[in-house]
Amino acid sequence: MVADNNNLKDVYFSDTTLRDGEQMPGASLTPEEKVEIAKALAKAGIHSLDAGFPACASSEIEAIQGIVKEVKGPVISALCRALDSDIDKAYEALAEAEPYKRAVSIFVATSPIHREYKLRKSKAQLLEMIVNAIHYARQKFEIIAFSPEDASRTELNYLCEIYQAAIEAGATTIGFPDTVGILTPEKTRTTIRYILNHVPNIARAFMAVHFHNDLGLATSNTLAALEEGVQIVQCAVNGIGERAGNTALEEVVIALLLNQEQYQRAVDIDPKQLVSLSQLVAEKTSIPIAPNKAVVGSNIFATEAGIHQDGILKNLDTYLPFRPEMVGAEGIQIVLGKHSGRAAIAQRLKKLNFCLTEQQLDLVVAALKDAKKNEWLDAERLFSQTVKQLFGEQASFVSDLNERKSTIEV
Ligand code: KIV
Ligand code: ZN
């Protein structure tokens, strides 16, 4: 990618599911699994893949080589410390990719706490390391991203000095990682605005942001950074990653698409791929999706509450921010339980071909409402028992597993 002011309104998605996402404890992926996820990400329209950290294991090199061979479309990037040996490993992993489809992503921690305790280096020494690493990377790569790790806790003037030197040395993208996830949307805005206004050569590079979700603000911070004008956002499917994870890809895509009048940014990602992508990543990483996970959780299109069920049965959009088909989800589920009302219970009975009088319907509703706590836990069973009591043999199919939840086709 080459910076182009005409394209400032496009959002480029860099996906880090295979790198920061895989750093989540318990989430490790085989090279084959990485290739499969990379294919699904490419199908969804992701612009670049943060595919792994070659210096950390030979399986990372194998995975990246597999992705280069089998995945066409996105730029494939490898993470490196500012060490020639790391950059050599990144090149080994990416050598077969076209020069405009491979990237190296170099990081060095720059905050006072990292300088003093982890690296034991001065500001000047780090600047020198950064410039040297970028010069070295230029011999092998055309696309070079540089990120000051812990940027959000680095002194702003020093951060701007680093970015200026990195761009001067040849970085084509500068990253802003909020490594420990401490920023708020307001602080994100002022920090990004400061950088964009104080790095004199900033127009020669793209700016990418990478947020962690320690305060539950990664998506909000990413959107705030986009409003300030950054071009690249780094996300992970299901928001997986270190500690509380990274910005969730699906959340940013849908927030942008539903609020285009506010953000005025073009999004090339196919939202219909989001649910299948989410399920694939959950399956391969063994990191389950919380039922209430924004955009892709199983409860997003399910309701047990009577008032919501009644509204949805009259008009789907009464209680939905977007329809299931937008993200490739199946229909809406009307779940029976303590909170369900007459409308949902009547709809379920109709679906099962029962024609009830008002008094019979009252009996079924009362059975669910009067149930004890342990019975609510399996309200579906209670429902079928009550219907069987009312209808005897005719109702034998009610407990069929396929009938456990009613789904409204949309
Ligand atoms: O969060 C972080 O700082 C990172 C870097 C490696 C970019 O993931
Ligand atoms: Zn990170």
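Donors are the N, O and S atoms that lie within 2.8 Å of a metal such as the zinc ion treated here, and because water is not among the atoms, a site described in this way may look incomplete. In this predicted model, the protein donors of the zinc ion (ligand 2) are the OD atom of Asp20 and the NE2 atoms of His210 and His212, which lie 2.0 to 2.1 Å from the ion. Along the sequence, the donor residues follow the spacing D-x189-H-x1-H. Asp20 belongs to the loop between strand 1 (12–15) and helix 1 (31–44), whereas His212 belongs to the loop between strand 7 (206–211) and helix 8 (218–228), so that this pair ties together parts of the protein that are 192 residues apart in sequence.

Asp20, His210 and His212 also appear among the residues around ligand 1, together with Arg19, Phe107, Glu149, Pro177 and Thr179. When this shell is sorted by class, it is found to contain 2 nonpolar, 3 polar and 3 charged residues. Ligand 1 itself sits in the largest pocket.

Several side chains place polar atoms at a short listed distance from ligand 1. A polar side-chain atom of Arg19 lies 3.0 Å from an oxygen atom of ligand 1, and an N or O atom in the side chain of Asp20 is likewise 3.0 Å from an oxygen atom of this ligand. For His212, a side-chain N or O atom is found 3.0 Å from an oxygen atom of ligand 1. On its own, ligand 1 has 260 Å² of accessible area, of which the protein covers 91%.

Conventions. Residues are numbered from 1 along each chain as its sequence is written. Chains are lettered from A and ligands numbered from 1 in the order in which they are written. This is a predicted model: local features need pLDDT of at least 70, side-chain atom pairs count only at pLDDT 80 or more; totals for chains, interfaces and linings use all residues. Side-chain values use heavy atoms; hydrogens and water are left out. A residue is near a molecule or strand if one of its heavy atoms lies within 4 Å of it. A polar contact is a pair of N or O atoms within 3.5 Å; within protein, one must be able to donate a hydrogen and the other to accept it, and residues adjacent in sequence count only if both atoms are side-chain atoms. Accessible areas come from the Shrake-Rupley method with a 1.4 Å probe; for residues, only the protein chains shown count as cover. On a 1 Å grid over the protein atoms alone, a cavity is a set of points where a 1.4 Å probe fits but cannot get out, and a pocket is an open set with protein on both sides within 12 Å along at least five of seven lines; lining residues have an atom within 4 Å of a point. A molecule sits in a cavity or pocket if more than half of its atoms lie within 2 Å of its grid points. Ala, Val, Leu, Ile, Met, Phe, Trp, Tyr, Cys and Pro count as nonpolar, Asp, Glu, Lys and Arg as charged, and the others, Gly among them, as polar. Donors are N, O and S atoms within 2.8 Å of the metal (3.2 Å for Na, K and Ca); water is not among the atoms, so sites may look incomplete. Helices (H or I, at least four residues) and strands (E, at least two) are DSSP runs, numbered from the N terminus.
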